[in-house]
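I opened this notebook to record what I looked up in the model, one entry at a time. The entries follow the order in which I checked things.

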Amino acid sequence: RTKPAPKPGVQPSEAQRARELARFTPLAELFALISARGEDRQSIVEAASHIRQVVHEQIALMKGDSSRVILGGFQRGGSLAMLVTLMLALDEQRPVQLGGTACIN
């Protein structure tokens, strides 16, 4: 699936980028896993957008060294951590590779 071209000079918000990235098959499958637990897709996008913002803030505190940031979670939080990690890595505007992701069930 191709993404619509952004309008010149207009930067999408974190939530818009999260919604766009969520359409990719691996992320859509992860959304399905989280949604099956009773959460609606919009609340997952909002949570993922907030976590992405926090991750970017932490990377800035680490002087841009994203390898020093590790994201993790337990059960539903683990799924959300994996979702955010994939969204960060697949972001075409600001791809980020974290130091690691721990998902525990």
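Entry 1, the strand pair. I began at Gly-73, which stands opposite Cys-103 in β2, and I kept in mind throughout that this is a predicted model. I then looked up the neighbouring position and found Gly-72 opposite Ala-102 in β2. Taken as elements, strand β1 (residues 70–74) and strand β2 (residues 100–104) pair in the parallel sense, and I noted five bridges between them. Following the chain from β1 to β2, I passed through helix α4 (residues 76–90), and I recorded this β-α-β crossover as right-handed.

Entry 2, the faces of β1. Which residues of β1 lie on its covered face, and which on its uncovered one? I listed Leu-71 and Gly-73 on the covered face, whereas Ile-70, Gly-72 and Phe-74 are on the uncovered face. I set beside this the general rule that side chains in a regular strand alternate between the two faces of the sheet.

Entry 3, the core. I next looked up the largest nonpolar core, which has 14 residues, and asked which of them touch the most other members. These are Ala-48, Val-55, Ile-59, Leu-71, Leu-83, Leu-88 and Leu-98. Both α3 (41–61) and α4 supply at least two residues of this core, and α4 gives the most, with six residues. Leu-71 thus appears twice in my notes, as one of these core residues and on the covered face of β1.

Entry 4, helix α3. I checked the span of α3, which has 21 residues and reaches 30 Å from its first C-alpha to its last, close to the 30 Å expected at 1.5 Å a residue. For burial, I found Ile-44, Val-45, Ala-48, Ser-49, Arg-52, Val-55, His-56 and Ile-59 to be buried in α3. Why do they fall on the same side of α3? They do so because they cover an arc of only 135° around the axis. On the face of α3 turned away from this buried side, I noted the exposed residues His-50 and Leu-61.

Entry 5, after the helix. Just after α3, I found Lys-63 with a positive phi of about 55°. Asp-65 lies in the loop between α3 and β1, and I entered Asp-65 as partly exposed because its relative accessibility is 31%, with the cut-offs for that class at 20% and 50%. Lastly, I compared Asp-65 with Val-96: the two are 31 residues apart in sequence and 9.8 Å apart in space, C-alpha to C-alpha.

Definitions and conventions. Residues numbered from 1 in each chain as written. Predicted model: local features only at pLDDT ≥ 70, side-chain atom pairs only at ≥ 80, totals over all residues. Heavy atoms only, no water. Pairing = 2+ DSSP bridges. Right-handed = clockwise from strand over helix to strand, strands pointing away. Core = buried A, V, L, I, M, F, W, Y, C linked by side-chain atoms within 4.5 Å. Buried < 20%, exposed > 50% of the residue type's maximum accessible area, 1.4 Å probe, protein only. Expected span 1.5 Å × (residues − 1). Arc of directions from axis to C-beta.
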